[in-house]
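Subject: A structure for you to look at

Hello,

Here is the structure I promised to pass on to you. Please open it beside this note, so that you can follow along.

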Amino acid sequence: MMLILEAYFKNYPARKKVAEFLFENGLSVRDGRIYLKNVEIPISELARAIGVNRKIIYHTIEYIEKTYPLRLIFQRFSPLPGLIHVAPLMGWEVLEIEVEKGSYESAFGDVMTLIAKNGVPIMEIFGRNLREEPSKIFIVIDGTLPVETFAKIKEIRGFQKLILHTPEKEKEKLVCNYCEVKYCPKRILLDRAATQSP
């Protein structure tokens, strides 16, 4: 998508900034106005949020509507509600897995297979594989991922990084060098083994 915006807005950096904001937030352009689903967004508030003047917003809307391919795309944008940011408040964990570009499809399938084998209830899955961004898989789970599964995720072809978002604040002190996690299951396992040994 960003490549399309780059192609059409390469000579208009301020308009490109507006178009990127619309895309990232799922705001559509219809009949000379900007909408969040069916709610019209005030131009002045939008300009303030983006950091441009209102004239730039109006020029962007006009340009989108007179450019047929852009009009087709922008009139269909819609925000996608997600649990990623509220999951820790609900007591759920979020796995954020970054994978190599060419391995996204196979890595996605391998991760789903691993989680299914361990019987972990999945609340939501969200993935992004856009060319200009890192490829990521977000999985909201109800419960805690078994420790062994972390090691297996690391072995998946194309794996680059794992970030675990958890509601358990006391575990945030434990950080692992192997990945960016709010708590490290390996470290917890080692600490538990150390306290149980005679």
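Below I go through the pocket, the aromatic rings and the hairpins in turn. Please keep in mind that this is a predicted model.

**The largest pocket**

A good place to begin is the empty space. Rolling a probe the size of a water molecule over the atoms shows where empty space is left. The largest pocket found here has a volume of about 590 Å³. Its lining is made up of 20 residues. If you would like to centre your view on the pocket, pick Glu24, Leu80, Ile84, Phe126 and Arg128, which lie nearest its centre.

Which strand gives the most to this lining? That is strand 5, with 4 residues. Strand 5 covers residues 122–128, and both this strand and helix 2 (13–25) supply at least two residues of the lining. Sorted by character, the lining residues comprise 9 nonpolar, 6 polar and 5 charged ones.

**Aromatic rings**

Next come the rings. A pair of aromatic rings is described by the distance of the centres and the angle of the planes. There are 6 aromatic pairs in the structure, and two of them are worth a visit.

One pair is formed by Phe9 and Tyr63, with 5.2 Å from centre to centre and 70 degrees between the planes, an edge-to-face arrangement. Phe9 belongs to helix 1 (residues 2–9) and Tyr63 to helix 4 (residues 54–66), so this pair ties together parts that are 54 residues apart in sequence. Phe9 and Tyr63 are both buried.

Another pair is that of Phe23 and Phe77, which is tilted, with 5.6 Å between the centres and 50 degrees between the planes. Phe23 sits in helix 2, while Phe77 is in the loop between helix 5 (68–74) and strand 4 (93–99), so here too the pair ties together parts that are 54 residues apart in sequence. Phe23 and Phe77 are buried as well.

Going back to Phe9 and Tyr63, you will find that ring pairs link these two and Tyr12 into a cluster. Tyr12 also has a charge over its ring: the charged end of Arg15 sits there, 4.2 Å from the ring centre. A similar arrangement involves Arg30, whose charged end sits over the ring of Tyr35, 4.2 Å from the centre of that ring.

**Two hairpins**

Tyr35 leads us to the strands. Strand 1 (residues 28–30) and strand 2 (residues 33–36) run antiparallel and are joined by 3 bridges. Within this pairing, Ser28 has Tyr35 of strand 2 as its bridge partner. Strand 2 is also joined to strand 3 (residues 39–40), again antiparallel, by 2 bridges. There, Leu36 is the bridge partner of Val39 in strand 3.

What is unusual about the backbone at the turns? Most residues other than glycine have a negative phi, and most peptide bonds are trans. Asp31, however, has a positive phi near 55 degrees. The hairpin of strand 1 and strand 2 that holds Asp31 has 2 residues between the strands. Asp31 is exposed, with a relative accessible area of 68%.

The hairpin of strand 2 and strand 3 likewise has 2 residues between the strands, and Lys37 takes a positive phi near 55 degrees there. Is Lys37 buried, partly exposed or exposed? Lys37 is partly exposed, with a relative accessible area of 47%.

Enjoy looking around!

Best wishes

Key: Residues numbered from 1 in each chain as written. Predicted model: local features only at pLDDT ≥ 70, side-chain atom pairs only at ≥ 80, totals over all residues. Heavy atoms only, no water. 1 Å grid on protein atoms, 1.4 Å probe; cavity = no way out; pocket = protein on both sides within 12 Å on 5 of 7 lines; lining within 4 Å. Points joined across faces, edges and corners; volume = space filled by probe spheres on them. Nonpolar A, V, L, I, M, F, W, Y, C, P; charged D, E, K, R; others polar. Phe/Tyr/Trp six-rings, centres within 6.5 Å; stacked < 30°, edge-to-face > 60°. Buried < 20%, exposed > 50% of the residue type's maximum accessible area, 1.4 Å probe, protein only. Lys NZ or Arg CZ within 6 Å of the ring centre and 35° of its normal. Pairing = 2+ DSSP bridges.
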